[in-house]
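Let's take a walk through this one together, starting from a single side chain and working outwards. Keep the viewer open as you read.

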Amino acid sequence: RVAMIGTGYVGLVSGACFADFGHIVTCVDKDASKIERLKNGIMPIYEPGLDALVASNVEEERLFFTTEAAEAIKDADAVFIAVGTPSRRGDGHADLSYVYAAAEEIAGLMDGFTVVVTKSTVPVGTGDEVEEIIRKARPDGDFAVVSNPEFLREGAAIKDFKIPDRVVVGTEDERARQLMRELYRPLFLNETPILFTDRRTSELIKY
């Protein structure tokens, strides 16, 4: 079970593709009107084939949309952070406030071993910060923070997700590795290499 926090370009395409791989995916967004439109099959972005992909997985009851994070995160084996990291005005730095807010929220709601995956484009070392935020909020929490950057081109995003030349996963946690392998198993059958690195290396590869 996957929870996808954020239904922007990355979250929506990744969520729909993971559902198409056979996983149960819940996409969470605070924007109620956006969630309402998605439930009615209206895409917030233009991406060839995305509406059909979303429709078929909603119909198969593998893809869900909600504004309520609680249940989605509690039930999830993996929670993806796919929120925006806009460039700040003035200095051009990535604004990580949405990422940190998502980490806070996940910390309060996760239940049992949870893999927290950063999909948003973030500077090197963000995974360490996310881990610290969750650890502080939940000293007893059983979780691993993983970096899994996306390399999606607009207009070819579904193909890029389903037929990538490689998948990059940054973690040194064995349970997290197993789970990420399981998530991407359909690609493995197509002989897509999954490249496991440490977390900071994965963040650097994205940049």
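In this predicted model, a polar atom of the Asp29 side chain sits 2.9 Å from the backbone nitrogen of Asp31. To find Asp29, go to the loop that runs between strand E2 (25-28) and helix H2 (32-39). Is Asp29 buried or exposed? Its relative accessibility is 14%, and the cut-off for buried is under 20%, so Asp29 counts as buried. Once you set aside neighbours within four places in sequence, the residues in contact with Asp29 are Gly6, Thr7, Lys34, Ile35, Thr66 and Thr67.

Pick out Lys34 from that list and follow it. Lys34 belongs to helix H2. You might wonder how a lysine fares here: Lys34 has a relative accessible area of 15%, so it is buried too. Again leaving out neighbours within four places in sequence, Lys34 is in contact with Thr7, Gly8, Asp29 and Pro44. Thr7 therefore turns up in the contacts of Asp29 and in those of Lys34 as well, going by heavy atoms within 4.5 Å.

Asp29 and Lys34 also share an annotation. An unreviewed UniProt entry gives the feature "binding site" at Asp29, Lys34, Thr85, Thr121 and Glu154. From this set, Thr121 is part of the lining of the largest cavity.

So what about that cavity? Searching the whole structure turns up one cavity of 30 Å³ or more, and the largest cavity holds about 60 Å³ of space. Its lining is made up of Thr118, Lys119, Ser120, Thr121, Val122, Ser147, Pro149, Glu150, Ser202, Glu203 and Lys206. Helix H10 (residues 199-206) supplies the largest share of that lining, with three residues.

Now for the nonpolar side of things. The largest nonpolar core contains 40 residues, and Phe18, Phe80, Met180 and Tyr184 have the most contacts inside it. Helix H1 (residues 9-20) is the biggest giver to this core, contributing eight residues. Met180 is a good one to click on: not counting residues up to four places away in sequence, Met180 touches Phe80, Val115, Val117, Val146, Asn148 and Val169. There is also a second, separate core of 25 residues, and among its members are Ile5, Ala76, Leu96 and Phe143.

Conventions:
Residues numbered from 1 in each chain as written. Predicted model: local features only at pLDDT ≥ 70, side-chain atom pairs only at ≥ 80, totals over all residues. Heavy atoms only, no water. Core = buried A, V, L, I, M, F, W, Y, C linked by side-chain atoms within 4.5 Å. Buried < 20%, exposed > 50% of the residue type's maximum accessible area, 1.4 Å probe, protein only. Helix = DSSP H or I, 4+ residues; strand = E, 2+ residues; numbered from the N terminus. UniProt positions renumbered as here; feature names shortened; annotations may be inferred. 1 Å grid on protein atoms, 1.4 Å probe; cavity = no way out; pocket = protein on both sides within 12 Å on 5 of 7 lines; lining within 4 Å. Polar contact = N/O pair within 3.5 Å; in protein donor to acceptor, adjacent residues only side chain to side chain. Points joined across faces, edges and corners; volume = space filled by probe spheres on them.
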